[in-house]
Amino acid sequence: MNILALDIGGTAIKVAMVEPNGKILNSNEYPSEGKRGGEHIMKKVCQIISSYDGYDRIGISTAGQVNPNTGTIVFANENIPNYTGMKVGKIISNKFKVPVTVENDVNSAALGEAYYGAGKYYKDFLCLTYGTGIGGSILINGEIYGGSQGVAGEFGHIITHPGGLDCGCGQKGCYEQYASTTALVRKCMEEDSSFNNGRIIFEEFHKGNKKIKIIIDNWVDEIVLGLTSLVHVFNPGCLILGGGILNQEYIVKEINNKLHNQIMQSFTNVKVKKAGLGNNAGLLGATYLALQNNI
């Protein structure tokens with residue numbers, strides 16, 4: 001049985017044919033042009049799927065809050081306008097006549113890590129991705145905890161600074177306004193407007209730029225602030241942290257050290273691990289979910 005797995009984001013659509021053991025037979029990436037809206041995304045997805053054959057099921061990882069039971073987008077932000085309410089699972093299953101599963105991208109990535117990557121030795125862990133915002137996923141006893149509507153895990157919207165910066169969710173002081181990669185870049189650009197992406201920032205850091213190091217260290221403190229509360233609430237065996245910026249060994253090391261100095265002694269068993277599957281995590285999580293589909 002082969003699975004056609006897709007990972008839909010506002011910037012790119014990744015697609016691969018995947019064997020049940022997680023072996024990726026081939027993979028491709030296409031621009032999603034998400035700003036053109038949900039209908040445009042769906043047309044592109046259908047065009048991409050039409051170019052493949054030899055699959056038995058389709059698994060989809062996608063940006064936005066997802067009701068996995070119906071395959072519907074519960075909420076999507078301005079990165080994909082008019083995506084909210086899109087019946088992704090129904091549209092694709094009706095067109096291609098195969099079982100289809102749909103899940104949020106961070107949940108998919110967490111499941112990919114759980115069964116093929118860094119989390120495969122843990123039944124209970126939290127997965128967070130640090131990028132434009134902060135995505136979160138809760139894995140309990142090997143399964144995603146979705147809450148009453150399937151959208152639990154919005155860790156980026158924990159309030160860490162009451163009355164603080166405005167957030168796109170409508171609240172003030174959300175975690176992602178201080179601990180996302182976007183937040184780090186914003187702070188560094190206040191120092192020098194040319195420091196406008198993570199690569200440049202860490203080039204400066206490795207050159208010994210002391211001002212940038214202070215900004216990065218303060219940013220790590222913001223990350224740990226949110227993680228401390230999450231550890232005390234969930235008591236996870238492991239925290240799996242993803243996002244391109246987490247490839248920096250210094251960041252993971254500092255998070256680990258600072259977190260263990262802040263949490264209560266009875267919680268210090270928690271491990272902090274870097275996500276291991278990179279850009280393939282969502283595809284492999286979508287594959288796992290498609291395999292669980294008994295339709």
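Angles between helix axes that run from 65 to 115 degrees count as roughly perpendicular, those under 35 as roughly parallel, those over 145 as roughly antiparallel, and the rest as oblique. With these classes in hand, the helix packing in this predicted model can be followed one pair at a time.

Helix α6, spanning residues 198-206, packs against helix α7, residues 210-234, at an angle of about 120°, and the two axes lie 8 Å apart. Because such an angle falls outside the parallel, antiparallel and perpendicular classes, α6 and α7 are oblique to each other. The crossing in which α6 passes α7 is left-handed. On the α6 side the contact involves Ile201, Phe202, Glu204 and Phe205, which meet Ile212, Lys213 and Ile216 of α7. By class, the residues of this contact comprise 5 nonpolar and 2 charged, with no polar ones.

Helix α7 also packs against helix α8, residues 249-262, here at an angle of about 50° and with the axes 9 Å apart, which makes α7 oblique to α8. In this case the crossing is right-handed. From α7 the contact draws on residues including Lys213, Ile216, Trp219, Val220, Ile223, Val224 and Leu227, while α8 contributes Tyr250, Ile251, Glu254, Ile255, Lys258, Leu259 and Gln262. The residues of the contact of α7 with α8 divide into 11 nonpolar, 3 polar and 5 charged. Lys213 and Ile216 of α7 therefore take part in the contact with α6 and in the contact with α8, as the cut-off of heavy atoms within 4.5 Å defines it.

A further pair is formed by helix α3, residues 105-116, and α9, whose axes are 6 Å apart and meet at an angle of about 80°; α3 and α9 are therefore roughly perpendicular to each other. Among the residues that make this contact are Ser108, Ala109, Leu111 and Tyr115 of α3, together with Leu284, Ala286, Tyr288 and Leu289 of α9. The contact of α3 with α9 has 10 nonpolar, 5 polar and 1 charged residues.

Helix α9 leads on to the second largest pocket, which has a volume of about 520 Å³. Of its 20 lining residues, Pro68, Asn69, Thr101, Val102 and Leu289 are the closest to the centre. The elements that give two or more residues to this lining are α2 (88-96), β7 (100-104), β10 (143-144) and α9 (281-292), and the largest share, 4 residues, comes from β7. By class, the lining divides into 8 nonpolar, 9 polar and 3 charged residues. Leu289 thus belongs both to the contact of α9 with α3 and to the pocket lining.

Methods:
Residues are numbered from 1 along each chain as its sequence is written. This is a predicted model: local features need pLDDT of at least 70, side-chain atom pairs count only at pLDDT 80 or more; totals for chains, interfaces and linings use all residues. Side-chain values use heavy atoms; hydrogens and water are left out. Axes are lines fitted to C-alpha atoms, for helices over the stretch in contact, and angles run from 0 to 180 degrees between N-to-C directions. A crossing is left-handed if the near helix is turned anticlockwise from the far one by less than a right angle, and right-handed if clockwise. Ala, Val, Leu, Ile, Met, Phe, Trp, Tyr, Cys and Pro count as nonpolar, Asp, Glu, Lys and Arg as charged, and the others, Gly among them, as polar. On a 1 Å grid over the protein atoms alone, a cavity is a set of points where a 1.4 Å probe fits but cannot get out, and a pocket is an open set with protein on both sides within 12 Å along at least five of seven lines; lining residues have an atom within 4 Å of a point. Grid points are joined across faces, edges and corners, and a volume is the space filled by probe spheres set on the points.
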